[in-house]
Amino acid sequence: MDLKKTIRSIPGWPIEGVIFRDLTTLMQDPEAFRESCDIFYERYKNKDIDKIVGIDARGFVFGAVLAYKLGIGFVPVRKKGKLPYKTIQESYSLEYGDDTLEIHEDALEKDDKVIIVDDLIATGGTIGATVKLVRKLGAVVMECAFVIELPDLNGRQHIEDCDVFSISEFEGD
C-alpha cells in the first residue's frame, strides 16, 4: 500500500505558504493505519526498549499503539500547562511560531532506553525540544520515529546525536 496516498495535503494551513500534511485520513483508513503501526512495531520489536515517548497530539496515537504492541510503558510529552503533576519544560520554535513542551519529572528513569514517536518531522523544533527533555531526565534516545518526514525543511539537523526513522517523505514542502 502506498501510505502517502492516504495522507491529505492542505495548502495554506495554518498559515499561507505551509502545506499541512493531515494524517487523520491515514488514521481513518484501517489498512493504512494498521500498516503504519505494524511498520513501527516490526522495526522495534526485537530492540531492548523501555518506554515509548509520544509527542502531543498525533504522536500519542502512533506511540500509544506501539507501546501497547511492545508491552512497554507510554510517556506523553504535552504542550505547556496540560500535565497535572510536576514537570520540566523546553521551549522551541516551529515553522509558524513558538511553543513549550513539558514532561512529568518522574516519567523516565535514568538510562531508560526510549523511542520518541511523532507524526511528522518538519523543521525539527518539536522533536529537538523533546529529545532535550528526555535527556534532562537521564534517559537515552535510541531513535526518533515519524510517519512523515519533510526532508527539505532540514529537521534532522536540530536533533543532536539521534537516529531518525520515517515511514514516508514528502519532498519540496
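**Exercise 1. Is Glu143 buried or exposed?**

Solution. The model is predicted.
- Start with location: Glu143 belongs to strand β8, residues 140-149.
- Take its relative accessible area, which is 9%.
- Apply the cut-off: buried means under 20%. Glu143 is therefore buried.
- Now find a polar partner. The Glu143 side chain makes a polar contact with the side chain of Arg43, at 2.7 Å.
- Then list contacts beyond four places in sequence. Among them are Tyr44, Val114, Ile116, Cys162 and Phe165.

**Exercise 2. Check the span of helix α3, then find what its buried residues pack against.**

Solution.
- Helix α3 covers residues 58-70, which is 13 residues.
- At 1.5 Å a residue, the helix should span 18 Å.
- The end C-alpha atoms lie 19 Å apart, which agrees.
- Next, pick out the buried residues: Gly59, Phe60, Phe62, Gly63, Leu66 and Ala67.
- Recall the helix geometry: with 3.6 residues a turn, residues three or four places apart point the same way.
- The buried residues of α3 pack against α1, α2, β3, β4, β7 and β8.
- Finish at the end of the helix. Gly71 follows α3 and has a positive phi, near 75 degrees.

**Exercise 3. How does the radius of gyration of the protein compare with the globule rule?**

Solution.
- Count the elements: 4 helices and 9 strands.
- The radius of gyration is 15 Å, and the globule rule gives 16 Å for 173 residues. The values are close, so the protein is as compact as a globular protein of that length.
- Add the burial: 45% of the 173 residues are buried.
- Add the contacts: of those with a separation of 6 or more, 56% join residues 24 or more positions apart.

How values were computed. Residues are numbered from 1 along each chain as its sequence is written. This is a predicted model: local features need pLDDT of at least 70, side-chain atom pairs count only at pLDDT 80 or more; totals for chains, interfaces and linings use all residues. Side-chain values use heavy atoms; hydrogens and water are left out. Helices (H or I, at least four residues) and strands (E, at least two) are DSSP runs, numbered from the N terminus. Buried means under 20% relative accessible area, exposed over 50%, partly exposed in between (1.4 Å probe, protein chains only). A polar contact is a pair of N or O atoms within 3.5 Å; within protein, one must be able to donate a hydrogen and the other to accept it, and residues adjacent in sequence count only if both atoms are side-chain atoms. Contact means heavy atoms within 4.5 Å. The expected span of a helix is 1.5 Å times one less than its number of residues. The radius of gyration is taken over C-alpha atoms; the globule rule is 2.2 Å times the number of residues to the power 0.38.
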